[in-house]
Amino acid sequence: MATRSADYDFSQIEPTWQKIWEDNNTFQAAAPGPQPKYYILDMFPYPSGAGLHLGHCENYTITDIMARYKRARGFNVLYPIGWDAFGLPTENYAVKTGRHPADVTKENVATFRRQLKSIGVSYDFDREVDTTDPKYFRWTQWIWLQLFKRGLAYVQDKPVWWCPALGTVLANEEVIDGKSEVGSHPVERRPVRQWVLRITAYADRLLAGLKDLDWPDSTKRMQEAWIGRSEGSEVDFDIADLPGERLRVFTTRVDTLYGATYMVVAPEHALVPRLTKPAQQAAVDNYIKAAASKSDLERTELAKDKTGTFTGSYAINPANGQKIPIWIADYVLASYGTGAIMAVPAHDERDFAFAQKFALPIPQVIAPADGSAVTLPFIEKGGSVVLVNSGECTGLTPAQAKERLDARFAAQGRGKATVQFKLRDWLFSRQRYWGEPFPIVWVSEADYRAVVAAHGSKLLVPTAPVTCTIDGTVRYALPIPESALPLQLPTVKSYQPTGTGESPLAAIPEWIEIWYHPATGESVPSSQPQPGAGWIRARRESNTMPQWAGSCWYYLRYLEPDNASTLASKQALNYWGVPDLYVGGAEHAVLHLLYARFWHKVLFDEGVVPTDEPFRKLFHQGIILGEDGEKMSKSRGNVANPDDIIRDYGTDTLRLYLMFLGPLEAMKPWNPKGIEGVHRFLRSIWREVVGEDGNLSAKVVAGPETDAQTERLLHATIKKVTEDIEGLRYNTAIPAMMVLRNHLQKADRVSRATIRAFLQILQPFAPHLASELWDRLGETTPIHTAAWPVADESKLVASTVKLVIQVNGKMRSDAMVAPDAAEADVLTLARADAKVAAHLDGKTLRKVIYVPGRILNLVVG
């Protein structure tokens, strides 16, 4: 119920309504039924110790306005919140302080939850999820097992950042300019055993699915570029002095093969040790070491100085039989294509620069069809160019040459036309404690085969076993039974790095080395006697899953967060489906969205979900900058604290002002000078409804609206606000409400019905004030349950309009006329007007300019 405040005391009003909403579970989504649904979702927040900032407030206000609006339109709204709480920052904090990451997470979540409630968001907190909750990550592990079963998870040594001084593996964000963020120590690339997910198996579907999504075009383009589909050719080059050995390349320009004068392999290429001649060994070793300290971005930067070293070996160009040198250069990545390229310097800018630096041949093999001279490198491709100096392909177009060479190499068993993707398989391991444990154990081959023979039908095992070498012994990955999920982290006293590159879990022998029962998933430390028959020796996986894991599927768990038998029932999945609107920052435009789409498509293939895309409609909110136009940061001193603004002006003012700053998708600098105007707007609405004595204002009268102009403006505002909310144009909806407020201030009396409708359209934006005034009006049902007002189009058509009457372009009078009044009629009316007639006497009417419903201009002389 309303407060007893006579003034707009937001510090009393807002906490009162927040408590009412919390006590009554006001925004709890109803169970699936006949009511139409609307599922709106914010991108998963990470509960950092810093708490909410203005960017969070903008994001969550955007979705809250839509959720409140959709409820008023009769939808059963699912609007949940949860916490993406595993991850590196919390573990680093635990390492520094010695506090358990779970305790830190609970504190941070409590802070975020309190702050979210303070900005009035209408989340269904009963559906709250937390990725660190065993009841949640049980299903993260279950989904991973489906990937494992389908052969989409495998183990491979992959290069990661290693800091010798700190004795630990670092994430990309912990490495700055080739040095550790902590301590500024030199880092290097080191191969470490990693779990990898075969996302490339879904590359075509991930690319094709983009066309039907209602996403920003820029985001679609970024995803397309990341997937990077290229049609080209694979070609095998023989290696001189290594009989039977071949070097495979992928090229999109096989037609230029006659112009290949050298080859380049990545420093990490598997053939490098065999290609390197003794005379080049020292130079190659030094070069590989230097490359290990560079990121992929640094290595492939087009503007960087080209570096490389000769291996001493030669390949045989299969087009012309010529020997060409094999170089090592860091601009070629082992993770892209085959890790080797053929270099055609006359027709590639990067190869041209490299060849010039190291004095390598640059023969031209592509030329304009008209024979005109060109400057190298010449990059043209298509029907306007032909091959030159290219043997059997001379005179052909690039397309014709490609077709001929592909056929020739296919017949020789050394090549074929193929498709490559820039997308690499997803490195899915972290050498960390604070993450989901992998639900597998490593066992011997004999035990693996015996267990699969005995229990294979109950275990999610892939067709081809996953193996790796641990301590010199080949081990087989055996999934734990679904009944044994969740596999939880052990309680530890230290989260310090092991110094070997392995996770802190590797330093807990009683958890890692175990006796294991394959049928039940039970385990005991291997230091104990074997419990009985059927128990086998096993080693747990010491790596943990990345933070991405829990955020790949969280939108599904919101449907039924307490379901213990499945991640969500068929009924819930079929009713709620996937989010109707997904809102979050553009910084997640690639990886989060790509990874979530991959997992969703796998679940679709498993028959778990009814759709093959998780997010049909996506919206990116813009960034709130500091007053100086720079990104807000404590180091710049330009951070605006939402708690301070709420204290001084109230939550509704903050919400309204954030939406008023500009288009939601735009980058906007924070300008506190304008907030006072928004606050005055809300105060003036209060005073229109509440008198000085705290009772209903005397100007608010019962009955329907009697003033036609007020009624017309009200319905025009309802129409405008409705369309703007639907179109996510909140910044233009607010001025429309301000215009209506201005009109009501000038009126001597306003009907209760008009105030009622005004409060309803204001409610999504300023829910505390609207709820308070709604109660003051004497309404007995909550404002959020009242049906959204509908604009009456007939009220928008005025029976009369004000016509401006000018003489020689200067306004002399006005008159109320029908919108479609005839020119003769308004001319008669103008001549009868004394103010106009005074300027017509004794003059000749030379021209009449008439715009119906707007202006009549009489030109006299």
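## A guided tour, starting at Tyr595

Select Tyr595 to begin: with a relative accessible area of 11%, Tyr595 is buried, because anything under 20% counts as buried. Keep in mind along the way that this is a predicted model.

**Stop 1: the partner of Tyr595**

Which residue has its ring stacked with that of Tyr595? Add Trp426 to your selection. The ring centres of Trp426 and Tyr595 are 3.6 Å apart and the planes stand at 5 degrees, so this pair is stacked. The two residues come from distant parts of the chain: Trp426 belongs to strand 19 and Tyr595 to helix 18, with their positions 169 residues apart. Trp426 is buried too, at 2% relative accessibility.

Now widen the view. Trp426 and Tyr595 belong to one aromatic cluster, whose other members include Trp144, Phe148, Trp195, Phe598 and Trp599. If you like hunting for rings, there is plenty to look for: the whole structure holds 44 aromatic pairs.

**Stop 2: the sheet that holds strand 19**

Stay with strand 19 and colour its sheet. This is an open sheet of four strands in the order 6-5-9-19, and the pairing is antiparallel. Why do strands 6 and 19 each have one side without a neighbour in the sheet? Strand 6 (168-170) and strand 19 (426-427) stand at the edges and have a single partner strand each, so one side of each is left free of a neighbour there.

Next, select strand 9, residues 188-197, which pairs with strand 19 in the antiparallel sense over two bridges. Look for Val196, which stands opposite Leu427 of strand 19. Then bring in helix 5, residues 134-149: this helix packs on the sheet and touches strand 5 (153-163) and strand 9, and its direction makes about 90 degrees with that of strand 9.

**Stop 3: two tryptophans in helix 5**

Within helix 5, show Trp139 and Trp142, which lie three residues apart, about one turn of the helix. Are they buried or exposed? Trp139 counts as buried at 4% relative accessibility, and Trp142 counts as buried at 14%.

Compare their geometry with the stacked pair from the first stop. The ring centres of Trp139 and Trp142 are 5.7 Å apart and the planes are at 70 degrees, so the pair is edge-to-face.

**Stop 4: charges over rings**

Go to Arg189 and Trp161. The charged end of Arg189 sits over the ring of Trp161, 4.3 Å from the ring centre. Another example is at Arg537, which lies over the face of Trp515 at 5.5 Å from the ring centre.

**Stop 5: the two sides of helix 7**

Select helix 7, residues 217-227, and show the side chains. Thr219, Lys220, Gln223 and Ile227 are buried. Seen down the helix axis, the buried residues fall within an arc of 100 degrees, so they line one face of helix 7. Turn to the other side to find Asp217 and Arg221, which are exposed.

What do the buried residues of helix 7 pack against? Their partners are helix 6 (203-208), strand 10 (229-239), strand 18 (415-421), helix 18 (591-605) and strand 27 (618-620). Helix 18 should be familiar, as the home of Tyr595. Just after helix 7 comes Gly228, with a positive phi near 60 degrees.

**Stop 6: unusual backbone spots**

Most residues other than glycine have a negative phi, and most peptide bonds are trans. The next selections depart from that pattern.

- Leu376 and Pro377: the peptide bond between them is cis, with omega near 0 degrees. Pro377 lies in the loop between strand 16 (366-368) and strand 17 (385-387).
- Leu485 and Pro486: these are also joined by a cis peptide bond, with omega about 0 degrees. Pro486 is in the loop between strand 22 (473-479) and helix 14 (509-512).
- Asn25: phi is positive here, near 45 degrees. Asn25 is in the loop between helix 1 (10-23) and strand 1 (37-42), and is partly exposed at 39% relative accessible area.
- Asp471: phi is positive again, near 55 degrees. The loop between strand 21 (467-470) and strand 22 holds Asp471, which counts as exposed at 70% relative accessibility.

**Last stop: Pro789**

Finish in the loop between helix 25 (767-776) and strand 32 (801-807), where you will find Pro789. Pro789 is buried, with a relative accessible area of 13%. Show its contacts: leaving aside residues up to four places away in sequence, Pro789 touches Ile718, Ala757, Gln760 and Ile761.

Technical notes: Residues numbered from 1 in each chain as written. Predicted model: local features only at pLDDT ≥ 70, side-chain atom pairs only at ≥ 80, totals over all residues. Heavy atoms only, no water. Pairing = 2+ DSSP bridges. Contact = heavy atoms within 4.5 Å. Axes fitted to C-alpha atoms, helices over the stretch in contact; angles between N-to-C directions. Buried < 20%, exposed > 50% of the residue type's maximum accessible area, 1.4 Å probe, protein only. Arc of directions from axis to C-beta. Phe/Tyr/Trp six-rings, centres within 6.5 Å; stacked < 30°, edge-to-face > 60°. Lys NZ or Arg CZ within 6 Å of the ring centre and 35° of its normal.
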